[in-house]
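I opened this model to trace its fold and then look up a few residues. My notes follow in the order I made them.

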Amino acid sequence: MSVPNAQNQITQTLTSWEGVNTAPHRFGGVEYRLGSRELGHIHGDHLIDIPFPKKVRDEIVNADLAKPHHILPETGWVSFYLREEEDVPRAIALLRRSYEIALKQKQPR
């Protein structure tokens with residue numbers, strides 16, 4: 001299953017955030033970046049993969065907000081499947097969390 005137009009909705013939202021740009025992803029789809037850091041990527045209108053620090057990834061998976069990455073389940077990556085319209089804002093919220101982590105890590109210490 002997929003959500004028609006999900007990729008466009010998500011891309012429009014993320015590119016409205018300061019510093020976020022897009023690029024083609026090496027395994028297909030669209031990659032969202034803050035500078036050189038990947039915030040996540042989307043495959044069509046059905047799947048988003050998002051990197052997190054392992055501790056955050058564990059919290060997200062344990063709260064059933066996303067699944068372990070579909071290919072690399074032991075890493076900090078999660079996979080989020082878009083199955084219904086309500087999943088679009090949920091995906092954006094996860095990507096926002098990735099963005100906020102990236103902003104904090106980008107700041108000088």
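**Entry 1: the first hairpin.** I started with strand β1, residues 20-24, and strand β2, residues 30-34. They pair in the antiparallel sense over 5 bridges. I noted that this is a predicted model. For the register I picked Asn-21, which stands opposite Arg-33 in β2. The two strands form a hairpin with 5 residues between them. In that turn I checked Gly-28 and found a positive phi of about 100°.

**Entry 2: a residue in the loop.** I stayed between β1 and β2, because I wanted to know about Phe-27, which lies in that loop. Is Phe-27 buried or exposed? Its relative accessible area is 62%, and anything over 50% counts as exposed, so Phe-27 is exposed. I also took one distance from here. Lys-67 is 40 residues away along the chain, and the two C-alpha atoms are separated by 19 Å.

**Entry 3: on to β3.** Next I followed the chain from β2 into β3. These strands pair in the antiparallel sense over 5 bridges. Val-30 stands opposite Ile-42 in β3. The hairpin here has 2 residues between the strands, and Gly-35 takes a positive phi near 65°.

I then asked how many residues of β3 are buried. The strand covers residues 37-43, and 6 of its 7 residues are buried, so it is largely enclosed by the rest of the structure.

**Entry 4: β3 to β4.** The pairing continues with 3 bridges that join β3 to β4, and the two run antiparallel. His-41 stands opposite Asp-49 in β4. This hairpin has 3 residues between the strands. Gly-44 takes a positive phi near 60° in it.

**Entry 5: β4 and its other partner.** I looked for what β4 pairs with besides β3. Strand β4, residues 47-51, is joined by 5 bridges to strand β6, residues 77-81. They run antiparallel. Leu-47 has Tyr-81 of β6 as its bridge partner.

**Entry 6: the whole sheet.** With the pairs in hand, I wrote down the strand order. It is β1-β2-β3-β4-β6-β5, an open sheet of 6 strands with antiparallel pairing. Which strands stand at the edges? They are β1 and β5, the latter at 67-68. Each has a single partner strand, so one side of each is left without a neighbour in the sheet. I added a reminder for reading the faces: in a regular strand, side chains alternate between the two faces of the sheet.

**Entry 7: a residue between β5 and β6.** I picked Thr-75, whose place is in the loop between these strands. Its relative accessibility is 27%, so Thr-75 counts as partly exposed. What does Thr-75 contact, leaving aside its neighbours within four places in sequence? The list is Lys-54, Arg-57 and His-69. I also checked Phe-52, which is 23 residues from Thr-75 in sequence. The C-alpha to C-alpha distance between them is 8.8 Å.

**Entry 8: a residue in the last helix.** I moved to Leu-95, found in helix α3, residues 87-106. Its relative accessibility is 0%, so Leu-95 counts as buried. Not counting residues up to four places away in sequence, Leu-95 touches Ile-10, Leu-14, Trp-17, Leu-39, Gly-40, Ile-48 and Ile-50. Two of those names, Leu-39 and Gly-40, fall within β3 at residues 37-43. Ile-48 and Ile-50 fall within β4 at residues 47-51. I took one C-alpha distance as well. Thr-15 is 80 residues from Leu-95 along the chain, and 12 Å separates them.

**Entry 9: the chain as a whole.** Last, I stepped back. The chain has 3 helices and 6 strands. From the N terminus on, the elements run α-β-β-β-β-α-β-β-α. The radius of gyration is 13 Å, close to the 13 Å that the globule rule gives for 109 residues, so the chain is as compact as a globular protein of that length. Its C-alpha atoms fill a box of roughly 45 × 30 × 25 Å along the principal axes.

I noted that 43% of the 109 residues count as buried. Of the contacts with a separation of 6 or more, 49% come from residues 24 or more positions apart. The exposed area is about 6,200 Å², and carbon and sulfur atoms supply 52% of it. For charge, I recorded 14 positive and 14 negative side chains. The centres of the two sets lie 8 Å apart.

Technical notes. Residues numbered from 1 in each chain as written. Predicted model: local features only at pLDDT ≥ 70, side-chain atom pairs only at ≥ 80, totals over all residues. Heavy atoms only, no water. Helix = DSSP H or I, 4+ residues; strand = E, 2+ residues; numbered from the N terminus. Rg over C-alpha atoms; globule rule 2.2 N^0.38 Å. Buried < 20%, exposed > 50% of the residue type's maximum accessible area, 1.4 Å probe, protein only. Contact = heavy atoms within 4.5 Å. Areas by Shrake-Rupley, 256 points an atom, 1.4 Å probe, with all protein chains shown as cover. Lys, Arg positive; Asp, Glu negative; His and termini not counted. Charge placed at Lys NZ, Arg CZ, Asp CG, Glu CD. Pairing = 2+ DSSP bridges.
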